[in-house]
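The briefing below concerns a predicted model. Please read it beside the sequence and the coordinates, taking the charged pairs first, and then the nonpolar packing and two local features.

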Amino acid sequence: MESIWTSETVLPRFPSLRGDFRTDVLVIGGGLAGLLCARRLTELGVENVLVEAADLCGGMTKNTTAKITAQHGLIYDKLLRRFGAERARMYLEANQAALREYRRLCAKVDCGFETRDAFVYARCDRAKLEREARALENLGVPAELAEEVPLPFPTVGALRFNGQAQFDPLRFAAAVAKGLRIYEHTPVLELAAGTAVTPEGKIQAEKMIVCTHFPLLNKHGSYFLKMYQRRSYVLALENASDVGGMYVDEAEDGLSFRNAGDLLLLGGGGHRTGKKGGGWQELKRFAARYYPAARERARWAAQDCMTLDGAPYIGPYSARTQGLYVTTGFNKWGMTSSMAAAMILGDLVTGRENPWAPAFSPSRTMLRPQLAVNAAGAALNLVTPTRPRCPHMGCALKWNPRERTWDCPCHGSRFTEEGRLIDNPATGDLKRLGPRR
């Protein structure tokens, strides 16, 4: 179940770090967010080192659908209502700047970068599209409602963002990694003030950036309450239609579409990690109905950290962790958010004022309805008398027969059938396994 990106790109390999080490800034996590943060710091003349627990881009980056866009579903109407025009404009401008930076960098990199329009479509509720269009107009962005889109089912229209982009994320990552100081297979086991402990020694750093998908410190920042994880699935189909752009349903459980060369990438079947959902079977049924001549070339799954209010957490890890920064909670829009994070954190780490940072502050209010849902779900799971238990915070794991994994419904950690860690926030393997239920 490898993505099409992994079959086409061989990433550079780096040694593991042995012994003690000192650097100005330590970047923890070797996905695209970590790579872009390290690249930005290097451009600013800041000494930095990146450490990755396993292989470079071996987590979520290799399983993305690789859309680069400032259109993140129907986000701007929500941001206007929750935070007001100033914060909504910060979010928009940060993502527009991220798209421009990708365009600049990709002009020098053979990574399949293509300009494409992005669409959010609706199958039954056009009023949501119209509210989003008004929100964008209030923010100074001309909004266009498309009446017809080349999808194989009826819609009530779509909201178009012109001039967005798509690319091959691993070819891009391979280029970004050149010239950076990187150590693979160097997990951070413990963080203290100015010190990161690895299996072979300690790293001393004045400042650190945590780019580990889900943050690895529980006792600061309350990220275990502020986020949950959600899985989504992709089929790469041969002999399917060219949809001419990038499409996402306004509904959370809808489908997404984009082409990659001669393939159609069909996404959907999503569900909260540890819960039931449609998965690849839902996508296969859809393809059989609407693309009967298509053939499956590849399939894969991704996992996304979802925040309380739809915006990522980018900035100081918490009010009590001096010199420690974080980027997480990309809400399915990891490519654009990774670049925005690098631009914001590059400024914050070097003591510069960033015009967009307030919109992404991890210390913004937690008083959102999703907080109660997250807390109640975790509390209920903690009293569930089953094994195995997740080593992260002790939640009861659920057997996922579709992917043959043990999944945590509280915070999204995942383990192989034998108990080996796949996805964080857990940092170690399972000690005991129980019956599959």
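Glu-296 and Arg-299 are joined by a salt bridge between their side chains, with nitrogen and oxygen 3.7 Å apart. Both ends are partly exposed, Glu-296 at a relative accessibility of 31% and Arg-299 at 26%. Salt bridges with shared partners also connect Arg-39, Arg-40, Glu-43, Glu-101 and Arg-104 into one network, and the structure as a whole holds 31 salt bridges.

**Salt bridges across the sequence**

- Side chains of opposite charge can pair when their charged atoms come close.
- Arg-131 and Asp-77 form a salt bridge through their side chains, at 4.0 Å from N to O.
- This pair links distant parts of the chain, since Arg-131 belongs to helix 5 (residues 126-138) and Asp-77 to helix 3 (residues 75-83), with their positions 54 residues apart in the numbering.
- The two partners differ in their surroundings, for Asp-77 is buried, with a relative accessible area of 14%, whereas Arg-131 is partly exposed at 35%.
- A further salt bridge brings Asp-262 and Arg-297 together, and their closest N and O atoms are 3.7 Å apart.
- Because Asp-262 sits in the loop between strand 13 (256-260) and strand 14 (263-272) while Arg-297 is in strand 15 (residues 295-307), this salt bridge ties together parts that are 35 residues apart in sequence.
- Asp-262 is exposed, with a relative accessible area of 55%, and Arg-297 is partly exposed, with a value of 40%.

**Nonpolar cores**

- In soluble globular proteins, nonpolar side chains tend to be buried together.
- The largest nonpolar core has 84 residues, and the members that touch the most others are Ile-4, Leu-35, Tyr-76, Tyr-102, Phe-167, Phe-172 and Ile-209.
- Helix 4 (residues 85-106) gives the most to this core, contributing 11 residues.
- Tyr-102, when residues up to four places away in sequence are set aside, touches Leu-32, Leu-36, Ile-68, Phe-113, Phe-167, Phe-172, Met-335, Thr-336 and Met-339.
- A second core, separate from the largest, comprises 25 residues, among them Tyr-183, Met-208, Tyr-313 and Leu-324.

**A buried aspartate in a loop**

- Asp-168 is found in the loop between strand 6 (158-166) and helix 6 (169-177), and it is buried, with a relative accessible area of 2%.
- The side chain of Asp-168 reaches the backbone nitrogen of Leu-170 at a distance of 3.1 Å.
- Beyond its neighbours within four places in sequence, Asp-168 is in contact with Trp-5, Glu-8, Thr-9 and Cys-111.

**Helix 10 and its two faces**

- Helix 10 (residues 369-382) has 14 residues and spans 21 Å from its first C-alpha to its last, which is close to the 20 Å expected at 1.5 Å a residue.
- The buried residues of helix 10 are Leu-371, Asn-374, Ala-378 and Asn-381, and because they cover an arc of only 110° around the axis, they lie on the same side of the helix.
- An α-helix has 3.6 residues a turn, so residues three or four places apart point the same way.
- The buried residues of helix 10 are covered by elements including helix 7 (223-226), strand 11 (227-238), strand 14 and strand 18 (398-400).
- On the face of helix 10 turned away from the buried side are the exposed residues Pro-369, Ala-372 and Leu-380.

How values were computed. Residues are numbered from 1 along each chain as its sequence is written. This is a predicted model: local features need pLDDT of at least 70, side-chain atom pairs count only at pLDDT 80 or more; totals for chains, interfaces and linings use all residues. Side-chain values use heavy atoms; hydrogens and water are left out. A nonpolar core is a set of buried Ala, Val, Leu, Ile, Met, Phe, Trp, Tyr and Cys residues joined through side-chain atoms within 4.5 Å. Buried means under 20% relative accessible area, exposed over 50%, partly exposed in between (1.4 Å probe, protein chains only). Helices (H or I, at least four residues) and strands (E, at least two) are DSSP runs, numbered from the N terminus. Contact means heavy atoms within 4.5 Å. A polar contact is a pair of N or O atoms within 3.5 Å; within protein, one must be able to donate a hydrogen and the other to accept it, and residues adjacent in sequence count only if both atoms are side-chain atoms. The expected span of a helix is 1.5 Å times one less than its number of residues. The arc is that of the directions from the helix axis to the C-beta atoms.
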